[in-house]
Structures are given as C-alpha cells and as structure tokens.
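Biologist: Please take one part of this model and go through it closely, strand by strand where that helps. I would like a connected account rather than a list.

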Amino acid sequence: MKVEHSSHISREIRVAWAITVKDMRTYYTQPPSIMFGIIFPFALFLSFSIGRNLPLATQIPVLISQTLFFASSSIGPVVIPIERADQTFDRFLTSPVSLLAILMGKTLGGIIYGAGISVIPVLVGIVFFGSQIVNFGALIACFALSSLAFSALGIMFASIPGQTVGQVMMPLNFVRIPLLFISGVFTPVSELPFWMQVVSMLSPLTHTVELARYSSGGETFFGPFVNIAVLTFYAAIFLFLGIRFHIMNQRKE
Amino acid sequence: MKRIKLIIHEPAINKIVGNELNLSLDGKMQMENAIEVSGLTKKYGDLLAVDHISFQVKKGEIFGFLGPNGAGKTTTIRMLTGSSIPTEGTATIMGYDIQRKSVAAKEQMGIVPDVSNVYKDLTAWDNLVFTGKLYDMPKSFRESRAEELLKMFGLYERRKEKVKGFSRGMKRRICIAMALMNRSSILFLDEPTSGLDVQSVLIIRDLIRKLNQQGLTIFLTTHNIEEASQMCDRVAIINHGKIATIDTPEKLKRTVESLQSVEIAFEAPPQNALRELRKLPKVTEVTKVGDKFRLFTYDPSSVLTSTWDYAQSNNLKLITVNTLGPSLEDVFVRLTGIKPATEEEEQGRTG
C-alpha cells in the first residue's frame, strides 16, 4: 500500500513536470508572456526610477522584486486562458492525473519563468552597479517563496473562466498595480505612516522587497523571519484557493 | 474459457458494479458494460441541461448518441470524461466511478472532442509524446506507440512539422491518434467527422470500424444521422436533456412504420406540386427533397397507383419512383419534434 502511495506521488510529479516543460516550450516566448512578464516590470521600474536621483545599486532590489512579482504571476493568466480557448486545458482534465498535479505543473512554470528572469537584474546589479549579495540564504528564500506565492496568485486568477488573456490579466492588474503602492517599493516601509505600515504588512510584495533589500545588505522593517512566514502563508493560501476555484469551475462548466 | 452470467437485482450492488457480471471459472469478474450511467444530471443555474439520464454501453459496441443542438450531448460527454462535475448522478467507466476513482476511470478512455484540441505550436511527434507523458507511459513505449500511430495515420513523414500548418483533416487525425496513445478500452468521439472533406470522413469512419473490430468500445456523438445508422450497434436519442429512446437503428426504424414513403421525381415538376400531391388519396404528408418529392403514407402501393394516375392525367413524365422505409432521421425527427420546412416556408425560400 505504501509502495502504491509513493508510486502515485511520483507519477503525479512526473506528469506535473511534463506539463511544466510543455508550458515552457510553448508559452514562454508568447507575446503576452514577454509583455506582462518582462517589459511591464522593467518599464514600471524605469518610469519610477529615472529622475529620482537615487543610486541605481540601491534600486536593484526593487527591480528584482517587481520582476519576481510580475513575471511569476503572468504565466498562469497567459497559459490557462489560451488553453481554454483551444480546449487543450480539457486534455489535462480528462487525463489520468489529479487537478492538484495539473495546477502544480502550471505553478512550476510560473516559478521557473519568474525566478529565471529575475536572475537578470541580480547579475546586472552585481556586474554593472556594484551591488553585493551579503545574505544568499535570504536571496534564495526571496526567490523561492516569492515566485511560488506569485505564480500561485496567477493560477488563482486564471480560474476566472475567460478565454482571452485580457479577461484574466485585467482583474489581476487591478490587484497587482495597487499593491506596488503599499508594498514599500517606492518608499521604504520604515518611512510610511503607521496605518500604511499595517496595510503594507498584509501585502506579499512588501516581504519580497524586504527580503531582496535584506539580501543585499539593506534593512528589513518586519524582520526576515516575518517576511518568510508571510510569504509562506500567502503561497499556501493562493495554492489552496486556486485549487478550490478551479474545482468550482468544473462544477459550473 | 467458460463464463457464468449473473443477473443481480440488488440496487446497492448495482450502483457499484452494474447489473450484469460474468464470472469466469478462474474466479475473475468480467463486466458486461463498459459505461454505466445512472441519474446523471447537470444544472447551470436554473437551466437543466441534462436531466437524470441513465443508460449502459456494452463492451465492444459502437454506441451512438444523437440529439439536436443544445440537447445535452456534449455536456453528457464532458461529465462522462471527467472534465465537468455532474450536479447529480453517477457514471462508471469500466467499473470505475468517474468521480470517486477518476484516475483509474480516465486511464480506460481516449477522447476526441468536437474541436481538434491539439497543441498547435508543438510538432505532430511532440503532441503524441506529450500525451504519452500525461498517461505516464514509459519513454520507449510512448515513442514506439507515437511512431506506430503516426505511420497508421499517414503522418509519419510530417512528424517534425508544427501542427498549426496542418489541414483540418490532418489535425483531426492527430487528435484521434492522441486519443489512442494509451491503448484505451473506450474511445469517446464527439462529432468526429463534422466539417471534414469526404476523404477524411471516409478515412475516419473506416478507422472507427477497425478499432471497434479490435475490441474498442466506441461512444460516438454525431449530428450525422446516416453515419450513426451505418456505424452504430445502438443509438440513444437525447432531447431537452432527456433520453428519448435507446435501441438498435433497425428496431427504432420499425417503431415508426407510419413513415413509409414513395419518392418520385418528375422530368418537369408541375406548379404547386406540394399542394397537388398532398391531395392524393392516403398521402399523409409531402416533403421536397432536392429535386424529388417524398409522399408519406401507411399504404405505399395505393399511393404508387394514384401517383401514376396523377402523372398520366396531367401529362407529366415520372423519371424516378422509389418506395422507402422509415430512416433513422425520420425517427429522430419524430422523437425530437424537429419539423421539416412547411409548404409555405418552402415557397417563401424559393420565392
């Protein structure tokens, strides 16, 4: 029985990985993935950084955070509506694999995309602007937990039963863009009024920014353990809600 | 191998295993039915799309599922294949409940939906290999199976091309090949020949027959009644979410003996032919089918005589005369209430 259980889990992992690899090959270079996952965070970063007379090295953690946030959360909302329109998402639902494994495969696609692209600002910071990584553990935690939480956020929004990228991306941006203003991206949390600090603690992006700053020698207002705990909590919540919403869709469809 | 058939009349057991079991002498249980559906229901808000339907599909048969648009065919197939969760009722696939044992049930089936849902940005080869991965087939097995299927469907030479460049018929063939990757026991086909050219239709029909001869159970939904009549061992007709009837095509035709007809064609049809022909004795209804007229009657021999007399007295030359039994289409029309064009509608169309 134990052997059967472990073989079932390993089967689910293999199928989830097959879905991830297929998504990477098929959708990573699709225009909406590049637009919402790469161009959007870089354009936002430049529009808020240029002319503010801040040393770019101190802004690199902000760019890393924004890239992790936008790139990881964009893959689900790009892939799933396209697959719904082509009816290829039904292929997963009718194949002998659990919904959990399907969504894990999709989530992993977002994690690899977000984390992979976010390595670029890290390298650019180190090579061109003299940034330093003083705490690799914090950086790894930042990458792993943030990409997981934001990818799961994208998968959760992709449960909206639309058949175009816009139908999912629009409500997602309605949440993503306001989060930028309450997450210590443009102004550190320590400089915010008290009520804003309370609100910013509730945003997962705050904890990504804080961990990214902390990993490069900066300060974290809430402390790295709170950052890690909050990101873990959000990853679990988004995954749980994503699965529940997709099951609700199956009941409705 | 000798087998004993048991008919079980215990509802609780029937729910789990179906009502007929074969016990072979080595003690293995063999089920008669590939699909068992009991009280299957789907509601969308207040709309009852599928209304407590129950039926069985025997192993090895081609089962046709017919119905007009919006009758509940695709909703039923989506519930049977696990892509939609029923509001009520159960369905078992080779004895596995699609809700409670969904992975085991899905391992038994291949699905060809009404739209060829292939991965357009992948090659033909990658589409098949990826399907094999979804079924967790070992690498060597999935690759040999993909090669076998691509050769069988005449697409092996184009295996390295992306599917988005394929014709509709080729995409359909890839889609069927994907459904056959896991050597399933049941194949669900939703409108498999819809919108295809004649050559692709003939290839696919021939393939379905061959697969069935190899023991595969086929669940076929189609709008093409003639196709169902030619291919299916039994058909179910669904209308407004309810099963109107289930039987063999020939038995269904016998239920509507009143729909016998005489089909005639004139060299030069008279004006108001529909109205004039309807006045003939014992003719219950007249429809125009292309350049022919179909006169429905309980008594074809009397109608033959009166038609001949009518042609003689009006100086008309008959170029075709056939007597026809009821078709499956007639049964379908009778059961679903779909009406052919009335005389006024016909005149309005031509006028």
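Modeller: What follows is a close look at the sheets of chain B, with a short account of their surroundings.

The model is predicted, so local features need pLDDT of at least 70 and side-chain atom pairs count only at pLDDT 80 or more, whereas totals for chains, interfaces and linings use all residues. Residues are numbered from 1 along each chain as its sequence is written, while chains are lettered from A and ligands numbered from 1 in the order in which they are written.

Chain B holds 13 helices and 17 strands; these are DSSP runs numbered from the N terminus, with helices being H or I of at least four residues and strands E of at least two. Of its 351 residues, 36% count as buried. Buried stands for 20 or more other C-beta atoms within 10 Å of the residue's own, exposed for 12 or fewer, and partly exposed for the range in between, with C-beta atoms placed from the backbone. Among contacts in chain B between residues at least 6 apart in sequence, 65% join residues at least 24 apart, a contact being a pair of such C-beta atoms within 7 Å. The domain assignment splits the chain into domain 1 (3-253) and domain 2 (257-325), and the C-alpha centres of the two lie 42 Å apart. These bounds come from an automatic or database assignment.

One open sheet of chain B has six strands in the order β9-β10-β11-β6-β12-β13, with mixed pairing; two strands pair if DSSP finds at least two bridges between them. Its edges are β9 (109-112) and β13 (242-247), each of which pairs on one side only. Direction ignored, neighbouring strands are turned by 15° against each other on average. Within this sheet β6 (62-66) and β11 (217-222) of chain B run parallel and are joined by five bridges, and B:I62 has B:I218 as its bridge partner in β11(B). Helix α2 (73-80) of chain B packs on this sheet, where it touches β6, β10 (186-190), β11 and β12 (234-239), and its direction makes about 150° with that of β10(B). Helix α7 (198-213) of chain B also packs on the sheet, touching β6, β10 and β11, at about 150° to the direction of β11(B). Such angles run from 0 to 180 degrees between N-to-C directions, with axes fitted to C-alpha atoms, for helices over the stretch in contact.

Two loops beside β10(B) carry residues with unusual backbone signs to note. B:R183, in the loop between α6 (168-180) and β10 of chain B, has a positive phi of about 50° although it is not a glycine. B:E191, in the loop between β10 and α7 of chain B, likewise has a positive phi, near 50°, without being a glycine. Their surroundings can be stated as counts: B:R183 is exposed, with 12 other C-beta atoms within 10 Å, while B:E191 is buried, with 20 C-beta neighbours inside 10 Å.

A four-stranded open sheet of chain B follows the order β5-β4-β7-β8, with antiparallel pairing. β5 (47-58) and β8 (96-97) are the edge strands. Eight bridges join β4 (33-44) to β5(B), and B:Y44 stands opposite B:L47 in β5(B). Here too α2(B) packs on the sheet, touching β4, β5 and β7 (88-93), with its direction at about 120° to that of β4(B).

Further along chain B, β16 (292-297) pairs antiparallel with β14 (261-266) over four bridges. β16(B) is also joined to β15 (283-289) of chain B by six bridges, again antiparallel. B:L295 of β16(B) stands opposite B:V262 and also opposite B:V286. The hairpin of β15(B) and β16(B) has two residues between the strands, and B:G290 in this hairpin takes a positive phi near 65°.

As for packing, the largest nonpolar core has 134 residues, and those with the most contacts inside it are A:A149, B:F188 and B:F219. Another core lies apart from it and has 10 residues, including B:L259, B:L277, B:F293 and B:F296. A nonpolar core here is a set of buried Ala, Val, Leu, Ile, Met, Phe, Trp, Tyr and Cys residues joined through C-beta atoms within 7 Å.

Notes. Two residues are in contact if their C-beta atoms, placed from the backbone, lie within 7 Å.
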